Structures are given as structure tokens and as C-alpha cells.
Amino acid sequence: MPASPLTDAEIDRALAELPDWRLRDGDLTAAFTVDRGALPGFYAALAAAEDEAGHHARVTVTYTAVGLALNTHDAGGAVTAKDTALAEQLSRIAADHGGRADRG
Ligand SMILES: C[C@H](O)[C@H](O)[C@H]1CNC2=NC(N)=NC(=O)C2=N1
């Protein structure tokens, strides 16, 4: 069964528990700075968590800056509980790899 879109209030409540994440252009997004040497391990752990969840972030890497964006295709690109659950995991993984969140 497809995940249903979260309401604005549900997204606000989720974001209160996800300090690294913002709602940007309809996606849940976060940005981390990670040492170059930590990038491969960070990406491997991130990809493993995504595969386990069956849910995947759009990942952009520019030198030491890693951008993550999440939405749910099955819900027409809306943010769902699958995104907030994965976001929480990805923040933990980033912290485990020395990632510093850009909360700007
Ligand atoms: C069949 C497979 O589980 C789906 O295509 C998954 C894969 N990863 C996904 N990732 C994201 N971000 N949204 C999805 O709806 C999604 N669907």
C-alpha cells in the first residue's frame, strides 16, 4: 500500500524532532560537511540503510558537502513517514561519520 502524504502539521511536528532537516521545494533536505576521507564510509553506510529501508535519498556530493533530499515517489513526490524515518537514520549515520550538519 502506498504511503500517504504527511499533512503540513505532521511535517512540522516531525521537523521539530529532526534538527538537521528542512522542507525545501517540497522535499525533506539536509546538508552535511564530511571529511574527504570519511566520505566513502559515509556513503556505504547510507546506501546500506537506504537499501534496507527500500527508500533512497537524492544524494549530491560537492567536495566535502553532501546534500540529501527525500520524497516518496509512490505518493506523487510528497513527504511521507518513510522520508521522516529515513531522515532520522541518515542523520545518525552522518554523525557516526563525523558529519557536521549545515542547518542554514
Ligand atoms: C520498488 C522500490 O521499493 C521503490 O521504487 C522505492 C525505491 N526507493 C524510493 N525512494 C524514494 N525516495 N521514494 C520512493 O518512493 C522509493 N520507492
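## Strands and their pairing

Two strands are taken to pair if DSSP finds at least two bridges between them; helices (H or I, at least four residues) and strands (E, at least two) are DSSP runs, numbered from the N terminus. The structure is a predicted model, in which local features need pLDDT of at least 70 and side-chain atom pairs count only at pLDDT 80 or more, while totals for chains, interfaces and linings use all residues. Residues are numbered from 1 along each chain as its sequence is written.

Strand β4 (residues 65-70) has two antiparallel partners described here. With strand β2 (residues 27-33), β4 shares six bridges, and A31 stands opposite G67 of β4. With strand β3 (residues 58-62), β4 shares five bridges, and T62 is placed opposite A65. β3 and β4 form a hairpin with two residues between them.

## The two faces of β4

In a regular strand the side chains alternate between the two faces of the sheet. Strand β4 shows this alternation: V66, L68 and L70 point to one face and are buried, whereas A65, G67 and A69 point to the other and are not. A residue is called buried if 20 or more other C-beta atoms lie within 10 Å of its own, exposed if 12 or fewer, and partly exposed in between, with C-beta atoms placed from the backbone.

## Helix α2 and positive phi values

Helix α2 (residues 39-53) has 15 residues, and its end C-alpha atoms are 21 Å apart, in agreement with the 21 Å expected at 1.5 Å a residue. The expected span is 1.5 Å times one less than the number of residues. Just after α2, G54 takes a positive phi of about 65 degrees.

Most residues other than glycine have a negative phi, and most peptide bonds are trans. D25, although not a glycine, has a positive phi of about 50 degrees; D25 is found in the loop between β1 (22-24) and β2. D25 counts as exposed because it has 7 C-beta neighbours inside 10 Å. Y63, in the loop between β3 and β4, has a positive phi near 60 degrees and is likewise not a glycine. With 9 other C-beta atoms within 10 Å, Y63 is exposed.

## Residues around the ligand

The residues around the ligand are G54, H55, H56, L70, N71, T72, H73 and D74, a residue being near a molecule if its C-beta atom, placed from the backbone, lies within 6 Å of it. This shell divides into one nonpolar, six polar and one charged residue. Here Ala, Val, Leu, Ile, Met, Phe, Trp, Tyr, Cys and Pro count as nonpolar, Asp, Glu, Lys and Arg as charged, and the others, Gly among them, as polar.
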